[in-house]
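Me: Hi! I have a structure open and would like to talk it through with you. Could you help me find my way around?

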Amino acid sequence: MKYLRLFYFHKEGTSILKDSGEVLTGSSVDDPTISDIVEEFFNGHAAQCNNDQKIQNFRFQNRTSQIIQNMLNSFGTVEEFEEHSEYIAEKLKSSLSNNTMRSDFYLVVFSTKIENNNCLCIFRMEANIGIQVTKEITLNTLERMLPDKKSRLQKAAIIFRDATNNFYSQNEPENSERNYVHSKIIDRVDPGISGYFFSNFLDSYRVLDNPESSAQLAIESVANVTERYLCEGASRKDIEDKLRKELSVQKETSFDALVGTISNQIDVTKMENANLDNESLAEQIYTYAKSQNNTVVRTFQAKYRFPPKIRIVDVEEQGSISISFFKALEESEIVTWGDDPNDDDYSILRILKDEVKTL
C-alpha cells in the first residue's frame with residue numbers, strides 16, 4: 001500500500017457534509033504511517049473483492065472523465081494524492097442525495113497492488129463496524145470483516161491504473177471494449193449496482209460479459225424501440241414480461257430471435273409505415289443497445305436475473321409442500337401442471353425425463 005485516506009460523510013438536517021482525513025503513507029514509501037494490521041485489513045478486502053463471484057467489470061464512459069484524471073494523478077506524490085483524493089470525495093458528495101445517503105459512512109481511498117497491478121481502491125464502508133475512526137479520522141481496527149452479503153463494506157471499486165491509462169492515451173486496440181476492463185465494482189447492498197455509484201460518481205458502464213447483464217440491456221432495448229410499433233391493447237409491460245419468461249432459462253439468443261419472440265405483439269401496418277421488417281427492426285434495436293453500451297454484441301448468452309416463477313405450496317403454507325419452477329418451462333411444455341382428468345381430488349405435475357435426475 002502506498003497512500004490511504006478516509007473521508008467521513010454525514011448529514012446535518014438536509015445537508016450532506018464531508019470531513020477529510022489526513023493522508024497516511026504505507027509500506028511502499030519512507031516513514032510509513034499505516035500500521036501493518038490496517039494495511040492487511042484493507043488489502044484483504046481488496047483481494048477478496050477482486051476475486052468475488054459477484055464483482056462486475058466496468059469501463060469509463062469517456063476519456064475526459066474527472067475520475068480518470070484524479071485516479072491517474074493519485075499515483076504521484078503525496079501532495080498529488082491529497083489533492084486528487086479530495087476531488088474524488090467531492091465528486092461522490094455531488095452525486096449523493098438525501099435518498100441515496102441513508103446513514104453515515106466512510107469513503108476509503110487507497111493505492112495498492114493487486115496481483116502485480118497498480119490499483120486505486122475506492123470503498124464505501126459503514127461508519128461503525130470494521131474500522132473505527134476518531135474525530136481526527138485516525139484508524140483503529142475493531143475486527144476483520146471480509147465482504148459478504150451482510151458486510152459493512154457496502155460498495156467497492158478497484159480501478160486499474162495501466163488499463164485506464166491506455167484508455168486515456170488512446171492506446172487500446174479498436175473494437176476491444178469487451179476485453180479491456182478499466183475497473184471492477186461490487187455492490188453488496190444492490191446487486192444491480194447502484195446508479196449513483198457507478199454511473200454518476202465513477203462515470204462508468206458495465207461490461208456486458210455475463211448473461212444477466214446482457215439480458216437486462218436486451219430487454220430494456222427491445223421494449224424501448226418496439227413500444228411505438230405495438231398492436232392495439234399491447235403494452236411495454238407485456239413485452240418485458242414475455243422477454244423475461246423467454247430468458248428465464250439461460251440460452252444463446254440474439255436481437256433477431258427476441259424480435260421473433262414478440263412478433264405477435266407487433267402491428268404489421270405500423271412496421272410497414274416505418275419501412276421496417278423483423279430484420280431491420282432487430283438492427284434498429286441492436287443500434288440502440290450499442291448506443292447505451294458499446295460492449296453489446298448481436299448474439300449473446302442471456303439469462304434474466306429474477307425470472308417469473310410458478311410456486312406450488314400446501315394450502316396452509318406450513319412448508320410441507322414447496323415446489324417451484326420457471327414459468328418459461330411451463331410455456332415450453334417442459335413442465336406441465338394441472339388437474340388430473342381421471343380424479344378430481346388430484347393434480348398432476350409432469351416434467352420431461354431428460355430435464356431431471358434423481359439425487
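Me: Which residue does the side chain of Arg5 meet in a salt bridge?
Reply: Happy to help! This is a predicted model, and in it the side chain of Arg5 meets that of Glu86 in a salt bridge, at 3.1 Å from N to O.

Me: Where do those two sit, Arg5 and Glu86?
Reply: Arg5 is in strand S1 (residues 3-12), while Glu86 is in helix H3 (residues 78-95). The two parts are 81 residues apart in sequence, so the pair ties them together.

Me: And is Arg5 buried or exposed?
Reply: Arg5 is buried, with a relative accessible area of 4%. Glu86 is partly exposed, and its relative accessible area is 22%.

Me: How many salt bridges are there by this rule?
Reply: The count comes to 13. One of them pairs Asp162 with Arg161, where the closest N and O atoms are 3.4 Å apart. Asp162 is partly exposed at 45% relative accessible area, and Arg161 is also partly exposed, at 27%.

Me: Remind me why such side chains pair up at all?
Reply: In general, side chains of opposite charge can pair when their charged atoms come close.

Me: OK, what about Asp241, which residue does its side chain meet in a salt bridge?
Reply: That would be Arg244, with an N to O distance of 3.7 Å. Asp241 and Arg244 are three residues apart in helix H7 (residues 236-246), so about one helical turn separates them. Asp241 is partly exposed, with a relative accessible area of 21%, and Arg244 is partly exposed too, with 23%.

Me: Which residues do salt bridges with shared partners join into one network?
Reply: Arg5, Lys18, Glu86 and Glu90 are joined that way. So you meet Arg5 and Glu86 again there, the pair that ties strand S1 to helix H3.

Me: Back to helices. Which one holds Arg236?
Reply: Arg236 is found in helix H7. Arg236 is partly exposed, at 24% relative accessible area.

Me: What is Arg236 in contact with, leaving aside neighbours within four places in sequence?
Reply: Its contacts are Glu220, Ala223, Asn224, Glu227 and Leu230. As for Glu220, its C-alpha is 9.8 Å from that of Arg236, and the two residues are 16 apart in sequence.

Me: New topic: Thr226. Where is it, and is it buried or exposed?
Reply: Thr226 lies in helix H6, which covers residues 211-226. Thr226 is buried, with a relative accessible area of 0%.

Me: What does the side chain of Thr226 reach?
Reply: The backbone oxygen of Val222, at 2.6 Å. If you set aside residues up to four places away in sequence, Thr226 also touches Ile239, Ile262, Ile266, Leu281 and Ile285.

Me: Nice. Zooming out, how many helices and strands does the chain have?
Reply: The chain has 11 helices and 17 strands. Its C-alpha atoms fill a box of roughly 80 × 55 × 45 Å along the principal axes.

Me: What share of the residues is buried?
Reply: Buried residues make up 45% of the 359 in the chain. About 19300 Å² is exposed by the chain, and carbon and sulfur atoms supply 43% of that.

Me: And what share of contacts joins residues at least 24 apart?
Reply: That share is 65%, counted among contacts between residues at least 6 apart in sequence.

Me: Last one: how far apart are the mean positions of the positive and negative charges?
Reply: They are 1 Å apart, taken over 41 positive and 57 negative charges.

Methods: Residues numbered from 1 in each chain as written. Predicted model: local features only at pLDDT ≥ 70, side-chain atom pairs only at ≥ 80, totals over all residues. Heavy atoms only, no water. Helix = DSSP H or I, 4+ residues; strand = E, 2+ residues; numbered from the N terminus. Buried < 20%, exposed > 50% of the residue type's maximum accessible area, 1.4 Å probe, protein only. Contact = heavy atoms within 4.5 Å. Areas by Shrake-Rupley, 256 points an atom, 1.4 Å probe, with all protein chains shown as cover. Lys, Arg positive; Asp, Glu negative; His and termini not counted. Charge placed at Lys NZ, Arg CZ, Asp CG, Glu CD. Polar contact = N/O pair within 3.5 Å; in protein donor to acceptor, adjacent residues only side chain to side chain. Salt bridge = Lys/Arg side-chain N within 4 Å of Asp/Glu carboxyl O.
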